[in-house]
Amino acid sequence: HKKDIVQLTDDYVRTLENYLNNSNVKIREMGVKELMARFQEHKSRANDVALTNLLNKALQDGSKAVRFVALATLDAGYAEGDALTKEILQKMQSSKDVFGEDALMASEILLKTAGNKVEVEVPGPAPDKKDSVKNNTEKK
């Protein structure tokens, strides 16, 4: 089936960046929530360069609320981040007094991303789509 997603034009990315640069924290919060939504829309965006650059910007925001949404985007696996992302997370992790809860979340994300994921062949029939959705909800 097909799904409509927001096209990442230069203008759109610039608009998002302007929201993240705004002096009003509420506007920056809107921007980072929109950024998370763009990552969520399609897994091919997990390592989109333009979106990752904006994510790195949000991770360094002065507002805890903005940083939290950026961290949550990584924690949920919607975004993979890049070398700079890892550097920012390591700085957060080592500055527990400054970042508090963010330092813990940064540690968790770094741990999750420490191992490389590889696809393996699993014996038996392929799982039915309905079953895998049901199983995912049972685990949580």
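Me: Helices are DSSP runs of H or I with at least four residues, numbered from the N terminus. Read along the sequence, which pattern does the protein follow?
Reply: This is a predicted model. The protein has 8 helices and 0 strands. Read from start to end, its pattern is α-α-α-α-α-α-α-α.

Me: What share of the residues in the protein is buried?
Reply: Buried means under 20% relative accessible area. The protein has 140 residues, and the buried ones make up 31%.

Me: What percentage of the contacts with a separation of 6 or more comes from residues 24 or more positions apart?
Reply: Contact means heavy atoms within 4.5 Å. Take the contacts with a separation of 6 or more; residues 24 or more positions apart account for 58%.

Me: Which residues have the most contacts inside the largest nonpolar core?
Reply: In soluble globular proteins, nonpolar side chains tend to be buried together. Here the largest nonpolar core has 27 residues. Those with the most contacts inside this core are Leu35 and Leu89.

Me: Which element gives the most residues to this core?
Reply: The elements that give two or more residues are α1 (10-21), α2 (25-41), α3 (49-59), α4, α5 and α7 (101-114). With 6 residues, the element that gives the most is α4.

Me: Which residues is Leu35 in contact with, leaving aside neighbours within four places in sequence?
Reply: Leu35 is one of the two residues with the most contacts inside the core. Leave aside its neighbours within four places in sequence, and its partners are Leu16, Leu20, Leu51, Leu54 and Leu55.

Me: Is α1 oblique or roughly parallel to α2?
Reply: The axes of α1 and α2 come within 7 Å and cross at roughly 140 degrees. Under 35 degrees counts as roughly parallel, and over 145 as roughly antiparallel. The crossing therefore makes α1 to α2 oblique.

Me: How many residues of the contact of α1 with α2 are charged?
Reply: α1 brings Tyr12, Leu16, Tyr19 and Leu20. α2 brings Ile27, Arg28, Met30, Gly31, Val32, Glu34, Leu35 and Arg38. By class, 8 are nonpolar, 1 is polar, and the number of charged ones is 3.

Me: In which hand does α2 pass α3?
Reply: The two helices pack at an angle of about 145 degrees, with their axes 11 Å apart. As α2 passes α3, the crossing is left-handed.

Me: How many residues of the contact of α2 with α3 are nonpolar?
Reply: Val32, Leu35, Arg38 and Phe39 of α2 meet Leu51, Thr52, Leu54, Leu55 and Ala58 of α3. In this contact 1 residue is polar and 1 is charged; the nonpolar count is 7.

Me: Why is α4 oblique to α5, and at what angle do these helices pack?
Reply: Helix α4 (residues 64-75) and helix α5 (residues 83-94) have their axes 13 Å apart. Angles outside the parallel, perpendicular and antiparallel ranges count as oblique. α4 is oblique to α5 because of their packing angle of about 120 degrees.

Me: Which residues of α5 make the contact with α4?
Reply: α4 passes α5 in a left-handed crossing. By class, the contact has 4 nonpolar, 1 polar and 1 charged residues. From α4 come Arg67, Leu71 and Leu74; from α5 come Thr85, Leu89 and Met92.

Me: Is Leu59 buried or exposed?
Reply: Leu59 lies in helix α3. Leaving aside neighbours within four places in sequence, Leu59 is in contact with Arg67, Ala70, Leu71, Leu74, Thr85, Ile88 and Met92. Its relative accessibility is 1%, so Leu59 counts as buried.

Me: How far apart are the C-alpha atoms of Ala70 and Lys33?
Reply: Ala70 lies in helix α4 and is buried, with a relative accessible area of 0%. Beyond four places in sequence, Ala70 is in contact with Val32, Leu55, Ala58 and Leu59. Ala70 and Lys33 are 37 residues apart along the chain, and their C-alpha atoms are separated by 8.3 Å.

Me: What is the relative accessible area of Phe68?
Reply: Phe68 is found in helix α4. Its C-alpha atom is 9.2 Å from that of Glu101. Phe68 is partly exposed, with a relative accessible area of 46%.

Me: Which residues does Ser63 touch, not counting those up to four places away in sequence?
Reply: Ser63 lies in the loop between α3 and α4. Ser63 is buried, with a relative accessible area of 11%. Not counting residues up to four places away in sequence, Ser63 touches Val25, Arg28 and Glu29.

Technical notes
Residues numbered from 1 in each chain as written. Predicted model: local features only at pLDDT ≥ 70, side-chain atom pairs only at ≥ 80, totals over all residues. Heavy atoms only, no water. Axes fitted to C-alpha atoms, helices over the stretch in contact; angles between N-to-C directions. Parallel < 35°, antiparallel > 145°, perpendicular 65-115°, else oblique. Left-handed = near helix turned anticlockwise from the far one by under 90°. Nonpolar A, V, L, I, M, F, W, Y, C, P; charged D, E, K, R; others polar. Core = buried A, V, L, I, M, F, W, Y, C linked by side-chain atoms within 4.5 Å. Buried < 20%, exposed > 50% of the residue type's maximum accessible area, 1.4 Å probe, protein only.
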